[in-house]
Amino acid sequence: MTTTVTSGALSEVEADFHVVLISPGTARLSGDAAAADRATGGAITRMLANALFTGKAAEVAILPVTGRGKAKRVILFGLGAAEKRTVDTFRTQMGNLSRRLRDAGGGSVAISLEGLEEIEPEQAGETIAEGFILGLYRFDKHHTKAADRPTSSVGDVTVVAGAARRVAAARRGAERGTIMSEAQNFARDLGNEPANLMTPTIMAARAQQLAAEVGLDCTIIERAEAERLKMGSYLSVSNGSVQPPKFIVLHYRGGGPRGRTVALVGKGITFDTGGISIKPAADMDAMKGDMSGAAVVIGAIGAIARLKLPVNVMAVAPCTENMPSGSATKPGDVVYAMDGQSIEVINTDAEGRLVLADGIAYAKANGASTVIDVATLTGAVRVALGTVRFGIFCNNDRLMAEMERAGEAAGEKMWRLPLDDEYAELIKSPVADMKNTGGAPAGSITAAKFIQNFAGDTPWAHLDIAAIDTTATDAGVNVKGNTGRPLRTLVHFVAGRAK
Ligand code: BES
Ligand code: MN
Ligand code: ZN
């Protein structure tokens, strides 16, 4: 699917669907809507006059083209009240519309921006591309029966933007939206793939393939090298698995040799059984997605490279399975991270923080001046925030403000949680520098306090995405399964540093 932007009239574009946006209270049609009205034999005027279409938010009517016209059908799309129109709701509406059009038989789509005065053309282009590319995502590659596969699809989308200046802006937005959404779908693909088909080895291969496609340096640190680097915390998680661990490092150097480096560190547990502290059977299959953080940072650096942002970025994805076996780490074992800190492993199911410890230590040892980690870290964050906002912890208020802005631009909501020193008491160990669990209270916070020990004074943000990495329903840009969130927040964050 490609999104193109043109000037001129909607009626001049050859497409299966012509989409016109209608505001509540519209009485007289002009421009593209008037032309669409003529093509439908005056149906739009009659529908409005008889209140069969009112323009309320997300209202859709599908009309046949009766006269001469370059479309087969006209789609009326309700924009809703002007004061409630935001970039976020428009993005959501475009996601929902994309699936409506697919259900209506699919084909090519042209959308007129007339009537969308509240939204800048650049943002309109970006959100239409995002709505369609993200909204139409499917993961159905393992269905072998034709009946289980899609019968229709939406092809190319043309945005009819009006004057030349608006076209250039909308085109910039559409390009950025396309690159970010394709990256997000890449991350979704990795997260949706079952764990037998998304092992650390396969993740490393996918990262190398991406690196070759978009021009990134890719290094895979194998077990022997990780041992030399003394990544004892990360390696302790892999002890029970027959799958070799793969510590993925990607570099994008858009900021020149003297520029500072942002590190994006993603938890890459390709399957989390809990290890010896084994999880109950119910819903354990969901733990195939415990590498979502890694998928998001790999996808994000790919998008950053495609956007050619003038910033240096490193993506670090410590990947391994967490399995029980005769060689697995045992509760009570003490391990050492590469920066020398010791950890008492109380619960082998608190493995994410163990791999992040070495991920962050590695990033810092290799020149990171800002660290953002992304991890499906705690069930407790679902209790705290549900599936609406992800949890964010940050040791630096300026960095926090940058993350807030990036989240707003992406339409991905977050909520800051605290890092008071008192919480660190809960992870004190009698035998090591710290222990890896702090008991039931404040489970997401004690996990963050653990990770903070490795970030130290480096500006750092920790994103606990355990409740938002998957979704149960199709809604807006989200499609049932892995969400690929918050990839666009990361890209907007890095883009913000380019200014
Ligand atoms: N991967 C899980 C967290 C998780 C749970 C993600 C549910 C998505 C859905 C993580 O490794 C884990 O097991 N965390 C434990 C920590 C506990 C042992 C301190 C948890 O949250 O129960
Ligand atoms: Mn776990
Ligand atoms: Zn886990």
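Begin at the second largest pocket, which holds about 490 Å³ of space, and keep in mind throughout the tour that the structure on your screen is a predicted model. Of the 19 residues that line this pocket, select the ones closest to its centre, which are Arg 176, His 492, Ala 495, Gly 496 and Lys 499. Then colour helix 5 (164-192), helix 12 (397-410) and helix 14 (487-497), since each of them supplies at least two residues of the lining. Which helix gives the most to the lining of this pocket? Helix 14 does, with six residues.

Next, select the manganese ion, which is ligand 2, together with its protein donors: Asp 272 and Glu 351 each appear in the list through a side-chain oxygen (OD and OE), while Asp 349 is listed with both O and OD, and these donors lie 2.1 to 2.2 Å from the ion. Along the chain, the donors follow the spacing D-x76-D-x1-E. Why is the arrangement around the manganese ion called irregular? The six donor atoms subtend angles of 69 to 167°, and this makes the arrangement irregular. For comparison, the ideal angles for six octahedral donors are 90 or 180 degrees.

Now add the zinc ion, ligand 3, to the view: Asp 272 bridges the manganese ion and the zinc ion, which lie 3.1 Å apart. Asp 272 sits in strand 10 (residues 268-272), whereas Asp 349 sits in the loop between strand 13 (342-344) and helix 10 (352-365), so the pair ties together parts that are 77 residues apart in sequence. Are these two residues buried or partly exposed? Asp 272 is buried, with a relative accessible area of 3%, while Asp 349 is partly exposed, with a relative accessible area of 21%.

From that loop, step back to strand 13, which belongs to an open sheet of three strands in the order 12-13-17, with mixed pairing. Strand 12 (334-336) and strand 17 (434-435) are the edge strands, and each of them pairs on one side only. Strand 13 pairs with strand 17 in the parallel sense over two bridges, and if you select Glu 344, you can look for its bridge partner, Lys 435, in strand 17.

Finish at helix 13 (residues 443-455), whose 13 residues reach 19 Å from the first C-alpha to the last, close to the 18 Å expected at 1.5 Å a residue. This helix is mostly covered, with 12 of its 13 residues buried, including Ile 445, Phe 450 and Phe 454. Just after helix 13, select Gly 456, whose phi is positive, near 60°.

Terms used. Residues are numbered from 1 along each chain as its sequence is written. Chains are lettered from A and ligands numbered from 1 in the order in which they are written. This is a predicted model: local features need pLDDT of at least 70, side-chain atom pairs count only at pLDDT 80 or more; totals for chains, interfaces and linings use all residues. Side-chain values use heavy atoms; hydrogens and water are left out. Donors are N, O and S atoms within 2.8 Å of the metal (3.2 Å for Na, K and Ca); water is not among the atoms, so sites may look incomplete. Four donors count as tetrahedral if all angles lie between 85 and 135 degrees; four count as square planar and six as octahedral if opposite donors are over 155 degrees apart and all others between 65 and 115; anything else is irregular. Helices (H or I, at least four residues) and strands (E, at least two) are DSSP runs, numbered from the N terminus. Buried means under 20% relative accessible area, exposed over 50%, partly exposed in between (1.4 Å probe, protein chains only). Two strands pair if DSSP finds at least two bridges between them. The expected span of a helix is 1.5 Å times one less than its number of residues. On a 1 Å grid over the protein atoms alone, a cavity is a set of points where a 1.4 Å probe fits but cannot get out, and a pocket is an open set with protein on both sides within 12 Å along at least five of seven lines; lining residues have an atom within 4 Å of a point. Grid points are joined across faces, edges and corners, and a volume is the space filled by probe spheres set on the points.
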